[in-house]
Amino acid sequence: MDEPVKRVMLALVGAVALTAERADELADALAARGGMSRDEVRRWIDEATTRWRGDAMRVGEKAGATVNGVLHELGLVTREEWDELELHVAQLEHRLRLVETQPEPLRRVPTD
């Protein structure tokens, strides 16, 4: 692999965690060394950062789905499912208390 390209690739790996200001500084430095325009290098950095962040999100989602699948297979529930169940039970208890409560008898209003 060509040395300037190798440098750009290694720099892109580090660019994932960079702020926009640092990415601009890196783009300037790489453009000066690599013989490319600053805009081209900045575009590469932005594309790589976006792609790697997207990949990280997909990996996280897949891991979460796998964990949820294992929990269900083991007969366990997630925190979200537990919270939903608690809410449902609380609603049922409230309705039951309303049904069990005896209404007070109506007072008779004296008629003349």
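The legends below describe close-up views of a predicted model.

**Figure 1. Overall fold of the predicted model.** The protein has 112 residues. Its secondary structure comprises 4 helices and 0 strands. Along the sequence, the pattern reads α-α-α-α. Of the residues, 13% count as buried. The accessible surface comes to about 9,600 Å². Carbon and sulfur atoms account for 58% of that surface. Among contacts between residues at least 6 apart in sequence, 36% join residues at least 24 apart.

**Figure 2. The largest nonpolar core.** Six side chains are shown: Ala23, Ala27, Leu30, Ala31, Val41 and Ile45. Together they make up the largest nonpolar core of the model. Helix 2 (20-34) and helix 3 (38-73) each supply at least two residues of this core. Helix 2 gives the largest share, with 4 residues. Ala23, Ala27, Leu30 and Ala31 fall within the range of helix 2. Val41 and Ile45 fall within that of helix 3.

**Figure 3. The salt bridge in helix 4.** The structure holds 1 salt bridge. Arginine 79 pairs with aspartate 83. Their closest N and O atoms are 3.4 Å apart, and the cut-off for a salt bridge is 4 Å. Side chains of opposite charge can pair when their charged atoms come close. Both partners lie in helix 4. They are 4 residues apart, about one turn of the helix. Arginine 79 counts as exposed because its relative accessibility is 59%, and the exposed class begins over 50%. Aspartate 83 has a relative accessible area of 34%, so this residue is partly exposed.

**Figure 4. A nonpolar patch on the surface.** Val77, Trp82, Leu85 and Val89 make a nonpolar surface patch. The patch covers about 360 Å². Tryptophan 82, one of its members, is found in helix 4 (residues 79-100). Leu85 and Val89 also fall within the residue range of helix 4. Val77 precedes that range in the sequence.

**Figure 5. Tryptophan 82 in detail.** This view centres on one residue of the nonpolar patch, tryptophan 82. Its relative accessibility is 40%, so tryptophan 82 counts as partly exposed. The class of partly exposed residues lies between the 20% limit for buried and the 50% limit for exposed. Aspartate 83, the salt-bridge partner of arginine 79, is also partly exposed. Helix 4 holds tryptophan 82 as well as both residues of the salt bridge.

Notes. Residues numbered from 1 in each chain as written. Predicted model: local features only at pLDDT ≥ 70, side-chain atom pairs only at ≥ 80, totals over all residues. Heavy atoms only, no water. Patch = residues over 30% accessible without salt bridge, like charges linked within 9 Å, V, L, I, M, F, W, Y side chains within 5 Å. Areas by Shrake-Rupley, 256 points an atom, 1.4 Å probe, with all protein chains shown as cover. Salt bridge = Lys/Arg side-chain N within 4 Å of Asp/Glu carboxyl O. Buried < 20%, exposed > 50% of the residue type's maximum accessible area, 1.4 Å probe, protein only. Core = buried A, V, L, I, M, F, W, Y, C linked by side-chain atoms within 4.5 Å. Contact = heavy atoms within 4.5 Å.
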